Amino acid sequence: MKFDLEYLEKLANIVYENDLSEITLEDDEKAVCFKREKQQVVQAAMPTVMPATVTSQIVAPQKPAVEQKAESAHKGTPIKAPMVGTFYSAPSPDDAPFVKVGDNVSIGQVVCIVEAMKLMNEIEADVSGKITEICVKNGDSIEFGQVLMYVE
């Protein structure tokens, strides 16, 4: 994602024109967050309204230190959530889970389902190996980029 001045100005205008309070865009390397801070209006003898200001800040997304330490302690390659949703370990409540710790998986094998907006999205392994840890429980709410399991 390229953050040139013209692109940033367009984003700032979108925030202002649509009366948004905040918009954040990020990729693996950079993030940009626009926050619209409305100033408090003080009632005086003659009513006045202060204009809202739009501020921007480019920062590199960082994981919390605890998460970074926890991730480095695990063996294997993480399989991460590609979206926000609900994690399901099996195709239905009565079925066996797609994978368990100790199972071998191959590239393209379905390892879980993430439900997002009433759509069931099959998540496939992008590496071959043995499942060493499953980090979430069936029915847990998950975030984009959250580690679901590790494959060694």
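Student: In this predicted model, which residue of S7 is the bridge partner of Thr 86?

Tutor: The partner of Thr 86 in S7 is Glu 115, a residue that lies in the strand spanning residues 110–116.

Student: What makes S5 and S7 a pair of strands?

Tutor: Pairing requires at least two bridges between the strands, and S5 and S7 are joined over 3 bridges in the antiparallel sense, so the requirement is met. Besides the bridge from Thr 86 to Glu 115, Tyr 88 has Ile 113 as its bridge partner in S7.

Student: How do you know that S5 also pairs with S10?

Tutor: Here 2 bridges join S5 (residues 85–88) to S10 (residues 141–142), and the two strands run antiparallel; since at least two bridges are needed, the pair qualifies. One of the residues involved is Gly 85, whose bridge partner in S10 is Ile 142.

Student: Why is Glu 115 said to have no salt bridge?

Tutor: The nearest side chain of opposite charge belongs to Lys 118 and is 4.5 Å away, whereas a salt bridge needs the charged atoms within 4 Å, so Glu 115 is buried without one.

Student: What makes the approach of Glu 115 to Tyr 88 a polar contact?

Tutor: The side chains of Glu 115 and Tyr 88 come to 3.1 Å, and the limit for such a pair of N or O atoms is 3.5 Å, so the pair satisfies the distance criterion. Leaving aside neighbours within four places in sequence, Glu 115 is in contact with Val 84, Gly 85, Thr 86, Tyr 88 and Met 120.

Student: Which strands stand at the edges of the sheet, and what makes them edges?

Tutor: The open sheet has 4 strands in the order S8-S7-S5-S10, with antiparallel pairing. Strand S8 (119–124) and S10 each have a single partner strand, so one side of each is left without a neighbour in the sheet.

Student: How do you know that S7 and S8 are paired, and what joins them in sequence?

Tutor: The antiparallel strands S7 and S8 are joined by 6 bridges, where at least two would suffice; among the residues concerned, Cys 112 has Ile 123 as its bridge partner in S8, while Ile 113 stands opposite Glu 122. S7 and S8 form a hairpin with 2 residues between them, and Met 117 in the turn has a positive phi of about 55°.

Student: Why is S7 described as largely enclosed by the rest of the structure?

Tutor: A residue is buried when its relative accessible area is under 20%, and 7 of the 7 residues of S7 are buried, so the strand is largely enclosed. For the protein, by contrast, buried residues make up 24% of the 152 residues.

Student: What part does S7 have in the largest nonpolar core?

Tutor: That core has 16 residues, and those with the most contacts inside it are Val 111 and Met 149; S7 and strand S11 (147–151) each supply at least two of its residues. Not counting residues up to four places away in sequence, Val 111 touches Ile 79, Phe 98, Val 99, Val 105, Ile 123, Glu 124, Ala 125 and Met 149.

Definitions and conventions. Residues numbered from 1 in each chain as written. Predicted model: local features only at pLDDT ≥ 70, side-chain atom pairs only at ≥ 80, totals over all residues. Heavy atoms only, no water. Buried < 20%, exposed > 50% of the residue type's maximum accessible area, 1.4 Å probe, protein only. Lys, Arg positive; Asp, Glu negative; His and termini not counted. Polar contact = N/O pair within 3.5 Å; in protein donor to acceptor, adjacent residues only side chain to side chain. Contact = heavy atoms within 4.5 Å. Core = buried A, V, L, I, M, F, W, Y, C linked by side-chain atoms within 4.5 Å.
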